[in-house]
Amino acid sequence: MSKDSQMRAAINQKLIEMGERERLKELLRAKLVECGWKDQLKAQCKDVIKEKGLEHVTVEDLVTEVTPKGRALVPDSVKKELLQRIRAFLAQHATL
Amino acid sequence: MIATARVSLTATRTCPDNNKLVAVTTMSPAGCPHVNGFKVDNWKQNLRVIYQCFVWSGSAETRKRKAKSCICHMCGAHLNRLHSCLYCVFFACFAKKHIHEHAKSKRHNLAIDLLYGGIYCFMCQDYIYDKDMEQIAKEEQRKAWKMQGNTVLYRYTCVCVWEKYSTWEPTKRELELLRHNPKRRRITSNCTIGLRGLINLGNTCFMNCIVQALTHTPLLRDFFLSDRHKCEMQSNSCLVCEMSQLFQEFYSGHRSPHIPFRLLHLVWTHARHLAGYEQQDAHEFLIAALDVLHRHCKDDNGKKANNPNHCNCIIDQIFTGGLQSDVTCQVCHGVSTTIDPFWDISLDLPGSSTPFWPLSPGGDGSALNGESHTTGATTLTDCLRRFTRPEHLGSSAKIKCSGCHSYQESTKQLTMKKLPIVACFHLKRFEHSAKLRRKITTYVSFPLELDMTPFMASSKESRMNGQYQQTVDPFNNDNKYSLFAVVNHQGTLESGHYTTFIRQHKDQWFKCDDAIITKASIKDVLDSEGYLLFYHKQFLEYE
């Protein structure tokens, strides 16, 4: 594993251990609902389902089709805030 | 293929192994037939353990274990939608198909998504939803959540719940009710639900204008529309029940004006000083109404008898704030602090007999709230700065200082200790001094969005510690408010008329003039004189 991915794994471990990952997930969830991202994605999913047909569509189809759009639609302000929180967390637990 | 007379429960999918068409079960809460192989012996407990240890880890111990062990057994990655095999201890990525390889080689056809807890069936090639397993998943998630003691921020929609938010699932009874009442109402952006005129019963516009403001207070509306009031009063004179009835009338969809004669009668019964057919003060009515509602609500709480100051009724939850009063002795600089509850903030205006200007230095509230002084108009922030400025009590009003043990001159300062969810500002336009009675019509500009941070007790403390420049945290949303109702008074002290602007949906405003409701622009609202200003917190925190 590269040094970069080692670092990522270590940070991830720390976030899980301290329960911070769950808190960040909830914060992100709330922010994405507020800014309307959830509704936008819901609409996208409905489109995919209509396209593929309700009987045949799988979760995998949705994930493949919707993920790139979903990633692009996340507002910069949300990304900024999450990054800020993660940085603050790392600064607090600087043993890494 | 299975031929059936009724609607087929099967669909077809191409099996990747041999390119043959296979029949697979479509989604239903009955899961899929392949789950039955798993549901043997102590499967429920085993599944619970998997959820507790690897999906929703509540305790520090399980979290540590999860952090260490949740990596792909094939490539070591912790991302890529990690799944755990349900039949053995094997974690692998989904995105790189590592878990698929395991499933194929070991014939372990069920796996669980470690991020979201979904169960994947490799035979059906999709996530399946088994009622029993879903039940376990929900319970474990709730347990882990409770253990962590998280707080979550929600905008507007909270009805004071103490649990993690989960989507609503109807009970059997609710499903029955829904089937028997098939009519559905869609709330579109130009929908007028909740708007209704009120007939004037003889100078009762002072009551009508407050009713409009209250029926458009989001949290109060949510409380009454979800039937949260359980009445324990024996008589028919419960004002809270009447309020509940009023909400039913407003949201019934009827467009004809409502005649609030029962409400008027109850107000006369419980607030004698407001009885009679002469014009009353809308602000007085607001305070009297909140007081009666608070008293009648207290009958809901078993705890009322013990502590009248710590009521947890809906009125207190929404409207009660804490005002801190600090009296500083000018000799020994000892501070005596008291905190009093408040339902509204009454603000003096320039033009009254008490001098308004100059304001004290420190805390640039007006820059924060985007108001400019270029036009020379007084702003709401100016009034709040004046309200929270330190005031010399003068030599004729010496206070007994517990530090000096004698009467000394002192300064007094008011700040906000605890902000209410709904903040009501009362602009003191009616002057009743010994010499004269008049109405002050000075225009006061007020904003759509208000940040109360500069007026908080905590801000004052940091100012006193020398931090004059308030570092505004753009992510701290606790003190931000949005305007949602404005009560205006037209006319003179002797004869006047009250109307209300209320906010419907995000940016639609309407003017309520007794029985007549008309659309208004934001400019109309902000240009109006303003007598009572109602602001609602933008972000609500659960405790």
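## A walk through chain B

Let's start with a sheet: in chain B, five strands make an open sheet in the order E4-E3-E5-E6-E7, with antiparallel pairing. At its edges stand strand E4 (91–93) and strand E7 (126–128), each with a single partner strand, so one side of each is left without a neighbour in the sheet. Going from one strand to the next, the twist averages 40°. Keep in mind that this is a predicted model.

Now zoom in on one pair from that sheet. Strand E5 (residues 110–113) of chain B and strand E6 (residues 119–121) of chain B run antiparallel and are joined by three bridges. Which residue stands opposite Ile112(B) in E6(B)? That would be Ile119(B). As a bit of background, side chains in a regular strand alternate between the two faces of the sheet.

### Aromatic rings

Next up, the rings. Over all chains, the count comes to 16 aromatic pairs. One of them is Tyr120(B) with Tyr127(B): the ring centres are 5.0 Å apart and the planes are at 80°, so this pair is edge-to-face. For that label the angle has to be over 60 degrees. Another pair is Phe224(B) with Phe247(B), with centres 5.1 Å apart and planes at 20°, so here the rings are stacked. Phe224(B) belongs to helix H7 (residues 218–225) of chain B and Phe247(B) to helix H8 (residues 239–250) of chain B, so the pair ties together parts that are 23 residues apart in sequence.

Are these four ring residues buried or exposed? Here's how they come out, where buried means under 20% relative accessible area.

| Residue | Relative accessible area | Class |
|---|---|---|
| Tyr120(B) | 5% | buried |
| Tyr127(B) | 6% | buried |
| Phe224(B) | 3% | buried |
| Phe247(B) | 0% | buried |

Tyr120(B) and Tyr127(B) also have company: together with Phe94(B) and Phe122(B), they form one aromatic cluster.

### Two hairpins in a row

Further along the chain, strand E23 (residues 496–504) of chain B pairs with strand E24 (residues 508–513) of chain B in the antiparallel sense, over five bridges. Within this pairing, Thr500(B) has Cys512(B) in E24(B) as its bridge partner. The hairpin of E23(B) and E24(B) has three residues between the strands, and His505(B) takes a positive phi near 60° there.

E24(B) also pairs with strand E25 (residues 516–520) of chain B, again in the antiparallel sense and over five bridges. How many residues sit between the strands in the hairpin of E24(B) and E25(B)? There are two, and in this hairpin Asp514(B) takes a positive phi near 50°.

One cross-strand couple here is worth a look: Phe510(B) stands opposite Lys519(B) in E25(B). Lys519(B) lies over the face of Phe510(B), at 5.5 Å from the ring centre.

### A glycine in a loop

Last stop: Gly194(B), found in the loop between helix H5 (172–180) and helix H6 (205–215) of chain B. Is Gly194(B) buried or exposed? Its relative accessible area is 1%, so Gly194(B) is buried. Leaving out residues up to four places away in sequence, Gly194(B) touches His216(B), Phe250(B) and Tyr251(B). You can also find His254(B), 60 residues apart from Gly194(B) along the chain, with 9.3 Å separating the C-alpha atoms of the two.

Note on methods: Residues numbered from 1 in each chain as written. Chains lettered and ligands numbered in written order. Predicted model: local features only at pLDDT ≥ 70, side-chain atom pairs only at ≥ 80, totals over all residues. Heavy atoms only, no water. Helix = DSSP H or I, 4+ residues; strand = E, 2+ residues; numbered from the N terminus. Buried < 20%, exposed > 50% of the residue type's maximum accessible area, 1.4 Å probe, protein only. Contact = heavy atoms within 4.5 Å. Phe/Tyr/Trp six-rings, centres within 6.5 Å; stacked < 30°, edge-to-face > 60°. Lys NZ or Arg CZ within 6 Å of the ring centre and 35° of its normal. Pairing = 2+ DSSP bridges. Axes fitted to C-alpha atoms, helices over the stretch in contact; angles between N-to-C directions.
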